[in-house]
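Please look through the sequence and the model shown here, and then follow the paragraphs below with the structure at hand.

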Amino acid sequence: MSNAEKARLLANLRGVAEQASTNSQAQNISDTFQNKYNSSQPVIKVFDDFKRKYELPDAPVIAPAKAEPIPVLTLPTMLPKEIYSAKVQEQLKRTLQKPQLLVDLDDLLLTSQQQGFRVVNTGLLKAGKSTLYNCLVDAVGEERFKTGTVRTTITSQEHQHGDFIYIDTPGIDHIGAETQEAIKALKTADIVLFIHNLKSGELDKSEVVFLQEVSKHWGNNTDFIKRTVFVMTHLADVEAQSAAIISQINKQVTQIFGASPLIKSISSMRYRKGLNENKHILIERSGVPSLVACLHHQANALSADISQQRMARLKSLTQAIELDIQESMAVLQNKRQEVATQLSQQKAVLNEGLDKIAKEIEQMLTRYNEI
Ligand SMILES: Nc1nc2c(ncn2[C@@H]2O[C@H](COP(=O)(O)OP(=O)(O)OP(=O)(O)O)[C@@H](O)[C@H]2O)c(=O)[nH]1
Ligand SMILES: [Mg+2]
């Protein structure tokens, strides 16, 4: 029997044990099971023995959500630290017509040189973005990312946890005022988490419009779907209806991007309760550990691609800078032409004047000689 199967059986037994009448009985069952279990008896028989011995009901075993093994991460290749010197930067600053390009370049270089995967969240106001991020960075008690019932996250916040850099962004509202800011933040992402509150049912109009806008800006729908996990929050509040809602959302996203999304559902509250009360089963059934495993898989699958994507972003930005420099040169060339024309006009006027003066002096000299 494989270790995974052993672990699953043990977890199943714990599930039954949790249903047993007293804690001491549950503990007893678990311990004895483990002893017997190591004694290499057929596990099913051991399990049946237990059921008989402790008169456990034949209640269905609550299978905990399967704990997924977390793979080791392969980090993407980072861009070198020194891409261009301070002198070049200074010259660029003076030359560029759109100084924002230099700010974008510095931002891109900074994020591309970070040793980790950038996980940027997005979603409607109050979707539960910050609360989930506190779970992901093991900061449930201390609230590293502020949460609340009124608009709480005003500017993006970043926190590195292991090999992931979590970027918590302000929510987009129904008017879509922050849409462009949100899209800009997404463009620095290696992995995107689109957060949606399951309690509000399928995606509403503003979420659909926002995703359509993202699709337009991203330019490559398959790429966006590849690097995005759609995370449904508040699972525990609407567990019974969740499958139907998720199937609907799957259709909505597929319609926008032409590819079907990866959807995970979680309950931050259940996770928090599980941690506070040390209930492993609640933690597993919160969906958070499964999301963490999923992020590791995503990161590894995207690792090589992320390096390429960073290079592609850098290339498109440098092309924009080149274009800007060419435009600045053209403007300078025009100015130079203008000055040259003005100079030659002035020179002509000057020459004319000089000719006139020379002629007058000549006349004066002739008259003088005649005297
Ligand atoms: N029941 C339940 N409540 C949740 C869950 N996630 C978040 N909440 C609550 O929802 C409210 C909003 O959560 P936040 O994490 O601040 O939401 P946000 O998306 O970061 O909000 P903004 O930053 O203002 O856009 C808080 O009161 C949370 O306690 C969840 O999974 N279940
Ligand atoms: Mg927030």
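The paragraphs that follow go from the whole chain to the ligand, and then to two helices and a single residue.

This is a predicted model, and its protein chain holds 13 helices and 6 strands. Of the 371 residues in that chain, 25% count as buried. If we take the contacts between residues at least 6 apart in sequence, 72% of them join residues at least 24 apart.

We can turn next to ligand 1, which is surrounded by 21 residues, the closest being Gly128, Thr131, Thr147, Thr153 and Gly171. Two elements, helix H6 (129-136) and helix H11 (268-276), each give two or more residues to this shell, and H6 gives the most, with 3 residues. When the residues of the shell are sorted by character, 13 are polar, 4 are nonpolar and 4 are charged.

Helix H11 deserves a second look, and the residues buried in it are Ser268, Arg270, Tyr271 and Gly274. On which side of H11 do these buried residues lie? They cover an arc of only 160 degrees around the axis, and therefore they are on the same side of H11. The elements that cover the buried residues of H11 include H6, together with strand E5 (228-233), helix H12 (280-285) and helix H13 (288-370). After H11 comes Asn278, a residue whose phi is positive, near 55 degrees.

The same way of reading can be applied to helix H7, residues 179-186, in which the buried residues are Ala182, Ala185 and Leu186. Seen down the axis of H7, these buried residues fall within an arc of 100 degrees, so they line one face of the helix. Among the elements that cover the buried residues of H7 are strand E1 (117-123), strand E3 (164-168) and strand E4 (191-197), along with helix H8 (205-218).

Finally, consider Lys93, which lies in helix H4, residues 86-95. Is Lys93 buried or exposed? A residue counts as exposed if 12 or fewer other C-beta atoms lie within 10 Å of its own, and Lys93 is exposed because it has 10 other C-beta atoms within 10 Å. Lys93 nevertheless has contacts beyond its neighbours within four places in sequence, and these are with Pro99 and Leu102. For Lys93 and Val103, which are 10 residues apart in sequence, the separation in space is 9.7 Å from C-alpha to C-alpha.

Definitions and conventions
Residues numbered from 1 in each chain as written. Chains lettered and ligands numbered in written order. Predicted model: local features only at pLDDT ≥ 70, side-chain atom pairs only at ≥ 80, totals over all residues. Near = placed C-beta within 6 Å. Helix = DSSP H or I, 4+ residues; strand = E, 2+ residues; numbered from the N terminus. Nonpolar A, V, L, I, M, F, W, Y, C, P; charged D, E, K, R; others polar. Buried ≥ 20, exposed ≤ 12 C-beta atoms within 10 Å, placed from the backbone. Arc of directions from axis to C-beta. Contact = placed C-beta atoms within 7 Å.
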